[in-house]
Amino acid sequence: RVNGVFLLAGLVVLFLTTRPRPAWSDLAWLALPLGVLAGYGVYLQTALGDPLAWLHAQSQGWGRHVGSPLTALHATWVAAFGGTQPPAYAWMFRLDLLAVAVGALTTFWLVGRGWYGEAVYLGLSVIAMSTATWYLSAGRASLLWFPLWLALARATRRWPWLWYAYLAFAAPVSLLLVVVFTRGGWAG
């Protein structure tokens, strides 16, 4: 998953902003994922003749291309509220809009707290979601946004009512997604 590259970028920023700074020899361990990434590119080149086959599959199979954030926002908004999608799909696009908004707000919050490594990881993830043809599977991708979940956990310790508010929102949404998925629908 491309999120591994975002995690690597966040870890490099975390390394550079940690005081006291860890030993420079520790930074060498961060080169290991680059070897895996290069190996995957070599594999794709060997097997399929294209080191970026995963990216091209997104374009050919799902019509996703890298583009303007405003264009992606507009396309997702139309899919969510424009009546162009069946209701189940429209709700998935609405959840994707919510996920990207929450991810962006959390990124800014992380920067404000001085948690730059986490902000880079989450910010790159949000940028990747919000610069495709439309937001697709952002809700599912948000499950990987561990800084968001850690921030939520910290916040619920400070404000216990927030736990109940989150539970009141997340439980029915999770139940809805399980029902959609088990009935063969897209649960994005």
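For my notes on the pocket linings, Ala, Val, Leu, Ile, Met, Phe, Trp, Tyr, Cys and Pro count as nonpolar, Asp, Glu, Lys and Arg as charged, and the others, Gly among them, as polar.

**Entry 1: overall layout**

I opened the model, which is a predicted one, and began with the chain as a whole. I counted 10 helices and 0 strands, so my list of elements, read from the N terminus on, is α-α-α-α-α-α-α-α-α-α. The C-alpha trace spans about 55 × 50 × 30 Å along its principal axes. Of the 188 residues, 28% count as buried. I also looked up how contacts are spread along the sequence: among those between residues at least 6 apart, 57% join residues at least 24 apart.

**Entry 2: two helices and what follows them**

I checked the span of α3, residues 32-48, next. Its 17 residues reach 24 Å from first C-alpha to last, close to the 24 Å expected at 1.5 Å a residue. Just after α3 I found G49 with a positive phi of about 75 degrees.

I then did the same for α10, where 23 residues cover 33 Å between the first and last C-alpha, close to the expected 33 Å. Here G184 comes just after the helix, and G184 has a positive phi of about 85 degrees.

**Entry 3: the largest pocket**

I turned to the pockets, and the largest has a volume of about 1300 Å³. It is lined by 37 residues, and the closest to its centre are R1, V2, N3, W54 and Q58. Which elements give two or more residues to this lining? I noted α1 (3-17), α3, α4 (53-62), α7 (116-130) and α8 (138-141). The largest share, 6 residues, comes from α3, the helix whose span I had just looked up. By class, I have 25 nonpolar, 9 polar and 3 charged residues in the lining of the largest pocket.

**Entry 4: the second largest pocket**

The second largest pocket comes to about 620 Å³. I listed 22 lining residues, with G139, S142, W149, F169 and V173 nearest the centre. The elements giving two or more residues to this lining are α6 (87-113), α8, α9 (146-158) and α10 (160-182). I sorted the lining of the second largest pocket into 16 nonpolar, 4 polar and 2 charged residues.

**Entry 5: the largest nonpolar core**

A general reminder to myself: in soluble globular proteins, nonpolar side chains tend to be buried together. In this model the largest nonpolar core holds 19 residues, and those touching the most other members are V100, L122, V126, M129, Y135, A138 and W145. The elements that give two or more residues to this core are α5 (69-81), α6, α7 and α8.

I picked W145 to follow up. Setting aside residues up to four places away in sequence, W145 touches N3, A99, G103, Y121, L122, S125, V126, M129 and A138. I recognised N3 from the residues closest to the centre of the largest pocket.

**Entry 6: Y135**

Y135 was my last stop, and I found it in the loop between α7 and α8. Is Y135 buried or exposed? Its relative accessibility is 5%, and buried means under 20%, so Y135 counts as buried. Beyond its neighbours within four places in sequence, Y135 is in contact with A72, L73, T76, F93, D96, L97, V100, M129 and S130. Finally I compared positions with F169: Y135 and F169 are 34 residues apart in sequence and 21 Å apart in space, C-alpha to C-alpha.

Technical notes:
Residues are numbered from 1 along each chain as its sequence is written. This is a predicted model: local features need pLDDT of at least 70, side-chain atom pairs count only at pLDDT 80 or more; totals for chains, interfaces and linings use all residues. Side-chain values use heavy atoms; hydrogens and water are left out. Helices (H or I, at least four residues) and strands (E, at least two) are DSSP runs, numbered from the N terminus. The expected span of a helix is 1.5 Å times one less than its number of residues. On a 1 Å grid over the protein atoms alone, a cavity is a set of points where a 1.4 Å probe fits but cannot get out, and a pocket is an open set with protein on both sides within 12 Å along at least five of seven lines; lining residues have an atom within 4 Å of a point. Grid points are joined across faces, edges and corners, and a volume is the space filled by probe spheres set on the points. A nonpolar core is a set of buried Ala, Val, Leu, Ile, Met, Phe, Trp, Tyr and Cys residues joined through side-chain atoms within 4.5 Å. Buried means under 20% relative accessible area, exposed over 50%, partly exposed in between (1.4 Å probe, protein chains only). Contact means heavy atoms within 4.5 Å.
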